[in-house]
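Work through the exercises below with the sequence and the model side by side. Each task is followed by a solution in steps.

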Amino acid sequence: MDFAELFLGALTLAILFLLPKKYRQHVPPQLVALVAVTLLSVLFFDDGTIRRIGEIPAGLPSLVIPHFNVEMFTEMIIDALVLGTLGCIDTLLTAVIGDSLTRKEHDSDKELRGQGLANLVAGLFGALPGAGATMGTVTNIQVGARSPLSGVVRALVLALVVLVASGLTEPIPMAVLAGIAVYVGFNILDWSFIQRAHKVSIPGMAIMYGVMLLTVFVDLIVAVGLGVFISNIIIIERLSREQARQVKAISDADDDDVPLTDSERGLLEQAQGKVLFFYLSGPMIFSVSKAISRQHSSISDYQAMILDLTDVPMIDVTVGLALENAIKDAQDANCHVYLLCPTDKIKQQLDKFHVIDLVPDDNIYSEREKALEAAYNATA
């Protein structure tokens, strides 16, 4: 890049950042910079040293019938999955940025369905796969757009330029487009989040900067893949800690973590520490199995155990196996097992795992107080 291009790029940025606000209300700064700097380059730097957009092929694309064989199938599937994933991430990111700027809420399903159909049709004409254009969306919003119709208008204008007015874009310097891209990229950044990122989450900040550096110096696909993988690992680890707190085992009525009525606490108190009340709440996923195993490790010290699944909306296969081991360990220690399971959905899940078969029908209850009464009578 020579001095002329540097000058044009710097002038573009100066117009974009310094254009007075009173003028921005009437004309987009991007348009002012584009027209003014392009005219300046034509008048004073029209010596062939400045790189310009150049001639754009006019006309409609022709239909391209795809041809592939069995050997290409695996590679096609892998590439399609990678491009599809990146396209979905890019589109949803663009939609989230648009929501934050317009204070509206997008429909993710509608966005992705539209993108998929558009890419299917575009592929028949030899076009590359596309996704939500963050820079184009932000530019539209900055100049006053507030609905998806702005994207349609932008596409129609681009089509009009390609078909009938390509000569108007030919002299536009690449330095001007680079300056506009830098300006839009600068405005895309969430500066309030960047200022607080290190205070909110150090791992999140590390992932953000790591993905950014990998994108710049390595590859976008590698950056996104590693970023998503590491983020999922961190989220799973946090969910595991939170879910483990939802597994509680008590043998007296002094523990306030379990929601028991006064009569239920009275029955547990009368058992004098002989009944282990096993309370589970929230979705039981694989990360909870270790907590269940840890809580029932001392089952041999009790004469009865109650598994309370009243507040459990779903059970994972791994958790089902952990419950099965808890029941078997209790039965091996001659401990009576009572299952409190009031919802049919959980009963069906336990039936699929063959866990409910381990507990006699007489020991399965839908009311907590009756289960406590049965356990107390068994230890009396």
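The residue just after helix α4 is R103, and its phi is positive, near 60°. The model is a predicted one.

**Exercise 1. Compare the span of α4 with the span expected from its number of residues.**

Solution. Step 1: α4 covers residues 70-102 and has 33 residues. Step 2: at 1.5 Å a residue, a helix of 33 residues should span 48 Å. Step 3: the end C-alpha atoms of α4 are 47 Å apart, so the span agrees with the expected value.

**Exercise 2. Find the buried residues of α4 and say which helices they pack against.**

Solution. Step 1: the buried residues of α4 are L86, G87, T91, T94, A95, I97, G98, D99 and T102. Step 2: these buried residues pack against α5, α6, α9 (174-188) and α12 (220-244).

**Exercise 3. Describe the length of α5 and the cap at its N-terminal end.**

Solution. Step 1: α5 runs over residues 108-123, which is 16 residues. Step 2: from first C-alpha to last, α5 reaches 22 Å, close to the 22 Å expected at 1.5 Å a residue. Step 3: the N-terminal end of α5 is capped by D107, which has a side-chain oxygen 3.2 Å from the backbone nitrogen of D109.

**Exercise 4. Which helix gives the most to the lining of the second largest pocket?**

Solution. Step 1: the volume of the second largest pocket is about 1400 Å³. Step 2: 37 residues line this pocket, and the closest to its centre are E111, G132, G151, V152 and R154. Step 3: at least two lining residues come from each of α4, α5, α6 (134-142) and α7 (149-164). Step 4: α5 gives the most, with seven residues.

**Exercise 5. Examine the chain over two of the segments that UniProt places under "transmembrane region".**

Solution. Step 1: the unreviewed UniProt entry places this feature at several segments, including residues 174-194 and 206-230. Step 2: over residues 174-194 the chain is 90% helix and 0% strand, with the end C-alpha atoms 30 Å apart. Step 3: over residues 206-230 the chain is 92% helix and 0% strand, with the end C-alpha atoms 10 Å apart.

**Exercise 6. Locate Q272 and N334, and decide whether each is buried or exposed.**

Solution. Step 1: Q272 is in the loop between α13 (262-270) and β2 (275-281), and N334 is in the loop between α15 and β4 (336-340). Step 2: phi is positive at Q272, near 55°, and at N334, near 60°; Q272 is a residue other than glycine, as is N334. Step 3: exposed means over 50% relative accessible area. Q272 is at 64%, so Q272 counts as exposed. N334 is at 69%, so N334 is exposed too.

**Exercise 7. Classify E324 and V27 by accessibility, and place each in the model.**

Solution. Step 1: E324 is found in helix α15, residues 317-332. Step 2: buried means under 20% relative accessible area; E324 has 16%, so E324 is buried. Step 3: beyond residues up to four places away in sequence, E324 touches F353, V355 and L358. Step 4: V27 lies in the loop between α2 (21-24) and α3 (29-44). Step 5: the relative accessibility of V27 is 27%, so V27 counts as partly exposed. Step 6: V27 and V143 are 116 residues apart in sequence, while their C-alpha atoms are 7.7 Å apart in space.

Definitions and conventions:
Residues are numbered from 1 along each chain as its sequence is written. This is a predicted model: local features need pLDDT of at least 70, side-chain atom pairs count only at pLDDT 80 or more; totals for chains, interfaces and linings use all residues. Side-chain values use heavy atoms; hydrogens and water are left out. Helices (H or I, at least four residues) and strands (E, at least two) are DSSP runs, numbered from the N terminus. Buried means under 20% relative accessible area, exposed over 50%, partly exposed in between (1.4 Å probe, protein chains only). Contact means heavy atoms within 4.5 Å. The expected span of a helix is 1.5 Å times one less than its number of residues. A polar contact is a pair of N or O atoms within 3.5 Å; within protein, one must be able to donate a hydrogen and the other to accept it, and residues adjacent in sequence count only if both atoms are side-chain atoms. UniProt positions are given in the numbering used here, feature names are shortened, and annotations may be inferred rather than shown by experiment. On a 1 Å grid over the protein atoms alone, a cavity is a set of points where a 1.4 Å probe fits but cannot get out, and a pocket is an open set with protein on both sides within 12 Å along at least five of seven lines; lining residues have an atom within 4 Å of a point. Grid points are joined across faces, edges and corners, and a volume is the space filled by probe spheres set on the points.
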